[in-house]
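Hi everyone, thanks for coming. I'd like to walk you through a structure I've been looking at, so have a look at the screen.

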There are 2 protein chains.
Amino acid sequence: MEKQKLEKMIDVAMSRKSADLVIKNCKVIDVYSGTISIGDIAISDGMIAGVGTYDGPHTIDAGGAYAAPGFIDSHIHIESSYVTPEEIGRLLVPCGATTIIADPHEIVNVCGIKGMNYMLDASEETALDIKYMLPSCVPATPFEHSGAVIDAAAMAEPLKDERIIGLGEFMNYPGVIAAADSDLDKIMAAKCAGKLIDGHSPRVFGKELNAYAAAQIHTDHECATVEEMEERIARGIYVLMRQGSACHDLVNLLKGVTPFNSRRCLLCSDDRQPKTILELGHLDDHLRICVREGIDPMTALRMATLNAAECFRLYDRGAIAPGLRADIVLLHNLDDFYVKQVFIKGRLVAADGKYLLPVKRVDSGPVQNSFHVKDFSENKLKLNLKGDKVHVIDILPGGVVTGKGTAEIRRDSNGDFVHNPEEDIVKVAVVERHQGTGNVAVSLLRGYGIKEGAVALSIAHDSHNIIVVGTSDSDMTYAVEQLIAQNGGIILVKRGEVKEAMPMPIGGIMSDQSGEYVERSLIRIHEAASSELGISDSVEPVMTLCFMSLAVIPELKLTDMGLFDVTKFQFISLEAE
Amino acid sequence: MEKQKLEKMIDVAMSRKSADLVIKNCKVIDVYSGTISIGDIAISDGMIAGVGTYDGPHTIDAGGAYAAPGFIDSHIHIESSYVTPEEIGRLLVPCGATTIIADPHEIVNVCGIKGMNYMLDASEETALDIKYMLPSCVPATPFEHSGAVIDAAAMAEPLKDERIIGLGEFMNYPGVIAAADSDLDKIMAAKCAGKLIDGHSPRVFGKELNAYAAAQIHTDHECATVEEMEERIARGIYVLMRQGSACHDLVNLLKGVTPFNSRRCLLCSDDRQPKTILELGHLDDHLRICVREGIDPMTALRMATLNAAECFRLYDRGAIAPGLRADIVLLHNLDDFYVKQVFIKGRLVAADGKYLLPVKRVDSGPVQNSFHVKDFSENKLKLNLKGDKVHVIDILPGGVVTGKGTAEIRRDSNGDFVHNPEEDIVKVAVVERHQGTGNVAVSLLRGYGIKEGAVALSIAHDSHNIIVVGTSDSDMTYAVEQLIAQNGGIILVKRGEVKEAMPMPIGGIMSDQSGEYVERSLIRIHEAASSELGISDSVEPVMTLCFMSLAVIPELKLTDMGLFDVTKFQFISLEAE
């Protein structure tokens, strides 16, 4: 802040000068003391100058609405919403979000630092204040090809950027606990830069958790049980309670919130698809759930504001007090937390569910054209099996954890798999798309329910190669080709014809369209998956498939390098004993 | 931290390597969740590696004692204890203090940055971790001569020192509220350095408090009422609840502590003399008071540990958790908080009230010989009054705030004041000692109760010129001369003879001896003040006198430049209308 602005802010606080804006007639929520006072909020250069009785030439009447600090989502992957930073701002701000802590793990896996820079640039075009964590695990595992490798040396430069406030979720917790050299180097890079490190440690307890905490891991958003939550808090790790489109941990974890430990508890989305945002909202939804589950509104609001600001050391926000950013949410009440108006840095940016600013988009050229597939042809999908007994990836309910199954299949004279309509087993392939290795790994998937045609995605965690599944090699091939032609995204093919598609030209993982477009497209895709391809309604065709390559979640996954047994931590042959 | 230490800490957490020390069999206090677990604490290179079940070649059995995080005094002036940093460590650590936030306002007023550097150097010789705030108001007012002027430009360099974590109490709150240029420059200097600013805003409310908070003032330790406390917390200002030798605000303020606002409440001493420390303790005494007043022990402990660490952004401490400093206090119980053993950075440094390390002292040469008095003689104490009616400084109960009184006095033929044994009015003089200005200001004091002789001090807030009071010019003169000869401190003179004295060679405000020596000396001085000089027991002879020059506390005070009416904010004549 400049001295002139400081001087003006003091003058405005004292009513010696007019405020840029006075929000009059608020029930001002004081998250420090959990009390509410009736008053006005005077704003000077985007900062709160005073709370009390103010007037001036520029006023907005809050009409007695509650004034809460802007909400802070403590952990979100923007890419999981399939939209860009500019668009996520348009979607989230009307729900009361004024700050999000985003981990651009997906785009950086595809585009490296170029992807990071694109996200930083795009964030400048939204009122939402997006703070980034630099992805810590790119690639997520050494068992796949991603678009980039970010080692400790590559972290030094981006960690200097003040918009990057730390290292993203350190998924390689086994590496940290083992004190693996490359992981220690990354931790040291963050420490040397004075930055935080987000955690990711599902079901890690005891000495392992001590080790993880000793390594300066600051948060965890992977708690699913009160037991996990309590042990993390005791070890000094903040717990980010997750309520996303895929994972719904909040209700469970709220049982573990106490008056004593609540300051170490935050709220986060992790993943939040446009459909969820448009139907349920964002942190306003978290707050509704908190209150419904018996948390008092002040404690809930603190988890969405002050606690997050403290955890992430964002000292210029988290409350309504002089000298802080004028990030303010006007709420009709503290039951359903209906958002009336949202101010960011003192500017009215959303009202009654609508974002009020134009959505300008930065040039996404540098992260377009991210497909570098070498020599792909139908031939690469052929198998040459020596016997009928094979390993299959078994889809399990939930769609992320898989089983390692075996099956007897039919082969043709070349040893290739022959699809049997009586059995729900189909080919699945991962086509490397970043480095032009020409890698194509083929395996078999059971339980996806597809009757005819093929589905291909360029969203395939975490390296986002192309994943394709189908009943015929020709449809699978056509799906891959057309997916590349449309610059990635999602495609459904049947008998050589595209049945439905959503292009995602940005890194092959984000649409350049609106959240509403994404939602409508997904609805059409889900319908076509059912009506055209016969995929059963019990399987989410996109989400399920995009996790089939995530080689850190048990038990059997497929990367571009082959079939990977996560439990054994090694590649295995498709042929079973 | 180096990578090797990180690696070792992780290995110790996992029990792959032996801890440097295991404190076994503790009731480990988890200040994050307010719970207690039975276990061991494993230490690696001064840091906590793990809490749980550990063993190793080096263990200490806590015998089931409570293990609390080390206590943090959030605001203290070491000089007010009349001892050096090395000695304050010896006194405070056995009481459980492992960190103090010290504002060396007094020595810097005398010696400038040289004084700051001496304090920094001396702090290296104690186990106590002393974090400093750079004094913000040197001199405290423009109405006196101090030993240094620290403007914003002079702050830039010291603010780079990582042991200096901010600007000390910004006493010139009228300047901040008025947005005075020189004060804004100081605030900007702190902000540019990314450092905090401590506050000092007694009885400031409403828009003035908004303005003060808007200026990024972070704390206040001057609250005396719940009303002050609540308004500060609401404005984002941390409240440091004071219990010192002079001010006892804690009991009052504890009435304002709630489960919601307690995280914004800390404990501090401000001033704590050796007598108080030796008789009552330090933060252990604060904790006893908290519990006696109905605060639950966990909340009390958080105010002494985690809250202070958070407030002052000392992320490496404040709890017992992996990756934090092994600053640990073993307590017999949570009622009287009797301190059994104290560990700082994993080293046992105090047990059963005794400091276990040798007290090495740094060279205090640079801050000795701080007396630069020009041309002082008895003649300078003479008055030449035109009439009998004069202003007198009236000592009021409490001894800090004074009254502006008038009196009819006797004069000799030269117009000089003649002491009347029937009236409790005596001469008081301030002798400038820093810059050799030759300034001597003489006035009259009522209510000190001295019957014969003189008292001189070189402790005279905040500039620490020489202040002297007495019934005869000759005793006053001798007292000043002998005070200079002994390098400052306290001296009592009667009929040309020194009756009692305590030299304070360090800046004229600190003894180079032990806390016990200081306490014994003060007892002898108090006895002699009563028995030899006839000062009534209702007046504290040293503390009362040393505040008579503090030109920021109403109503009438004497600086080396003259008699100052604090309410009118101007010098006035000794002669009354």
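I'll go from the two copies to the sheets, and then to some helices.

Just so you know, this is a predicted model. Let's start with how the two chains are arranged. If you rotate chain B by 180°, with 0.0 Å of shift along the axis, it lands on chain A with an RMSD of 0.1 Å. So the two copies are related as by a two-fold rotation axis. And which residue of chain B comes closest to that axis? That's Pro259(B), with its C-alpha at 3.7 Å. The same surface serves both copies, too: 100% of the contact residues of chain B recur in chain A.

Okay, on to the sheets. In chain A there's an open sheet of five strands, in the order β6-β7-β8-β9-β10, and the pairing is parallel. Why do β6 (71-76) and β10 (196-199) of chain A each have one side without a neighbour in the sheet? Because they stand at the edges, each with a single partner strand. On average, neighbouring strands here are turned by 30° against each other, ignoring direction.

Let's zoom in on one pair. Strands β7 (residues 97-102) and β8 (residues 129-134) of chain A run parallel and are joined by four bridges. If you want a spot to click on, try Ile101(A), whose bridge partner in β8(A) is Lys131(A). Packed on this sheet you'll find helix α4 (residues 113-123) of chain A, which touches β8 and β9 (164-170) of chain A. The direction of α4 makes about 165° with that of β8(A). Then there's helix α7 (residues 181-192) of chain A, which lies across β9 and β10 of chain A and runs at about 155° to β9(A).

Further along chain A, have a look at strand β23 (residues 440-446). How many of its seven residues are buried? Six, so to speak of it as mostly covered is fair. β23(A) pairs with strand β18 (residues 389-395) of chain A in the parallel sense, over two bridges. There, Asp394(A) has Arg446(A) as its bridge partner. β23(A) also pairs with strand β22 (residues 425-431) of chain A, but in the antiparallel sense and over seven bridges. In that pair, Val431(A) stands opposite Val440(A).

Over in chain B, there's an open sheet of three strands, β28-β29-β30, with antiparallel pairing. The edge strands are β28 (556-559) and β30 (570-572) of chain B, each pairing on one side only. The twist averages 45° from one strand to the next. β28(B) and β29 (residues 562-565) of chain B share four bridges, and one to find is Thr559(B) with Gly562(B).

Now some helices. In chain A, the axes of α12 (residues 283-292) and α13 (residues 297-304) come within 9 Å and cross at roughly 145°. That crossing is right-handed. From α12(A), Leu287(A), Cys290(A) and Val291(A) meet a group in α13(A) that includes Pro297(A) and Leu301(A). What classes of residue make up this contact? Eight nonpolar, no polar and no charged.

Last stop: Met476(B), in helix α15 (residues 473-485) of chain B. Is Met476(B) buried or exposed? Met476(B) is buried, because its relative accessible area is 0%. Among the residues that Met476(B) touches are Leu381(B), Lys427(B), Val428(B) and Gly470(B).

Note on methods. Residues numbered from 1 in each chain as written. Chains lettered and ligands numbered in written order. Predicted model: local features only at pLDDT ≥ 70, side-chain atom pairs only at ≥ 80, totals over all residues. Heavy atoms only, no water. Axes fitted to C-alpha atoms, helices over the stretch in contact; angles between N-to-C directions. Left-handed = near helix turned anticlockwise from the far one by under 90°. Contact = heavy atoms within 4.5 Å. Nonpolar A, V, L, I, M, F, W, Y, C, P; charged D, E, K, R; others polar. Buried < 20%, exposed > 50% of the residue type's maximum accessible area, 1.4 Å probe, protein only. Pairing = 2+ DSSP bridges. Least-squares fit on C-alpha atoms with pLDDT ≥ 70 in both. Lists of a residue's contacts leave out its neighbours within four places in sequence.
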